[in-house]
Amino acid sequence: MNIGWYLVVSAIIFCIGAGGVLVRRNPLVILLCLELMLNAANLALVAFARMWGNEEGQVFALIVMVVAAAEVTVGLGLVVAIYRRRLPIDVDELNELQG
Amino acid sequence: MSAVLFFIAAIGAITGAFGVVILRNPFYSVLALAFHLVSLAALFLLLRAEFVAAAQVIVYAGAVMVLYVFVVAYVGGGEQLESRGALRVLGPLFALVLAIELCIAMLGAGLKGVNSKGAPYAPGFGSPGSIGQLFLTKFLFPFEAASILLLVAAVGAVVLARRRRGLEPDEEFEREVSVPRPAWTGTMAEAGGLRLPVHAEERTVEGVPVATPGGDRPDQEGGW
């Protein structure tokens, strides 16, 4: 398959993720959609690595996975903290930083 | 053969992505994301990125998804939340326009590399050995920075999610602590005679004196 097809799949996944972030209101699902976008970027990076025959893109993809794992950890910690304080789990309600 | 596998994996990945956004229950969204990740790992394999595919399945579909499942189970969150007003229409529209634009940019690009099958395959491309060699030579600093980032994220998550006094209703904690128990059977402070139960004689369960949390022991001087 041509590399272009992989890039198209990556673009479609990215757009689904971006649309999900805009449409959904549950922060858990928004984190999942962020994962989708990061994975789309990973797919593009790996496709470019294949295109050039160069493994550095794969290293980049692995680092992106590490960063995504860190982001998920902190995000889920925030969701648990929100839940503990009996606040609504809804990004439209949680629009101020204080209390 | 590779084209067939590509289309199966690509359709799986896109279906999983749609499932994440469309399914109402967050738990099903997590399952759809796991399906998406496995399909994406197949795409990585087709791109000769064996190590990345294995790490994807183990780290993402394994560890991160378990984290998600636990948080969804803890929080519940089966509520059906859909965005209100303009975003409900504009969000999908924006995504569609962005997708069309990106597809035009990628398929319409006259670049030779994009329209080829990629560089000739060299044995060992994307194997754990060569990736590890890159990580420990050329990309040593990002590698170490990633480990520090993971450490900071783990500590940060614990700090964020821990139980804080005064910020939240504390009835769970109090229920656990205030269960009646016989005196002098519980805390290290009692064993050391540091805290004496003040109202020990008032609280009894079936004649046995009950320790008051944080109380003091009357018949002993403080200290060891």
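# Exercises on a two-chain model

Chain B contains eight helices and two strands, and the structure shown above is a predicted model.

**Exercise 1.** Describe in which order the helices and strands of chain B follow one another, and state what share of its residues is buried.

*Solution.* Begin with the order along the sequence, where chain B shows the pattern α-α-α-α-α-α-α-α-β-β. Turn next to burial: of the 224 residues of chain B, 22% count as buried. Then consider the contacts in chain B with a separation of 6 or more, of which 47% are between residues 24 or more positions apart. Finally, the domain assignment divides chain B into domain 1 (1–78), domain 2 (127–163) and domain 3 (180–218), and the C-alpha centres of domain 1 and domain 2 of chain B are 22 Å apart.

**Exercise 2.** Determine how α1(B) and α2(B) are packed, and which residues make the contact.

*Solution.* Two packed helices are described by the angle between their axes and the distance between the axes. For α1(B) and α2(B) the angle is about 155 degrees, and the axes are 8 Å apart. Since angles over 145 degrees count as roughly antiparallel, α1(B) is roughly antiparallel to α2(B). The next step is the handedness, and here α1(B) passes α2(B) in a left-handed crossing. On the side of α1(B), the residues making the contact include L5(B), F6(B), A13(B) and V20(B), while α2(B) contributes, among others, L33(B), F35(B), H36(B) and L46(B). Sorted by class, the residues of this contact are 14 nonpolar, seven polar and no charged.

**Exercise 3.** Carry out the corresponding analysis for α1 and α2 of chain A.

*Solution.* Helix α1 (residues 3–23) and helix α2 (residues 27–52) of chain A have axes that come within 8 Å and cross at roughly 165 degrees. With the cut-off of over 145 degrees for a roughly antiparallel pair, it follows that α1(A) and α2(A) are roughly antiparallel to each other. Their crossing is left-handed, and the contact of α1(A) with α2(A) has 20 nonpolar, four polar and one charged residues.

**Exercise 4.** Establish whether L36(A) is buried or exposed, and find which residues it touches.

*Solution.* First locate the residue: L36(A) belongs to helix α2 of chain A. A residue is buried if 20 or more other C-beta atoms lie within 10 Å of its own, and because L36(A) has 29 other C-beta atoms within 10 Å, L36(A) is buried. Leaving aside residues up to four places away in sequence, L36(A) touches I13(A), I16(A), G17(A) and G20(A), and also A17(B) and V20(B) of chain B.

**Exercise 5.** Explain what the backbone of R48(B) shows, and where R48(B) lies.

*Solution.* Most residues other than glycine have a negative phi. R48(B), although it is not a glycine, has a positive phi of about 65 degrees. This residue lies in the loop between α2 and α3 of chain B, and R48(B) is buried because 21 other C-beta atoms are within 10 Å.

**Exercise 6.** Work out how many residues of each chain are in contact across the two chains, and which helix of chain B gives the most.

*Solution.* Counting on both sides, 75 residues of chain B are in contact with 65 residues of chain A. In chain B, at least two residues of this side are supplied by each of α1 (2–22), α2 (26–46), α3 (50–75), α4 (86–108), α5 (128–136) and α6 (140–161). The helix that gives the most is α4(B), with 12 residues. By class, the side of chain B that touches chain A has 58 nonpolar, 12 polar and five charged residues.

Methods: Residues numbered from 1 in each chain as written. Chains lettered and ligands numbered in written order. Predicted model: local features only at pLDDT ≥ 70, side-chain atom pairs only at ≥ 80, totals over all residues. Contact = placed C-beta atoms within 7 Å. Helix = DSSP H or I, 4+ residues; strand = E, 2+ residues; numbered from the N terminus. Nonpolar A, V, L, I, M, F, W, Y, C, P; charged D, E, K, R; others polar. Axes fitted to C-alpha atoms, helices over the stretch in contact; angles between N-to-C directions. Parallel < 35°, antiparallel > 145°, perpendicular 65-115°, else oblique. Left-handed = near helix turned anticlockwise from the far one by under 90°. Buried ≥ 20, exposed ≤ 12 C-beta atoms within 10 Å, placed from the backbone. Domains from an automatic or database assignment.
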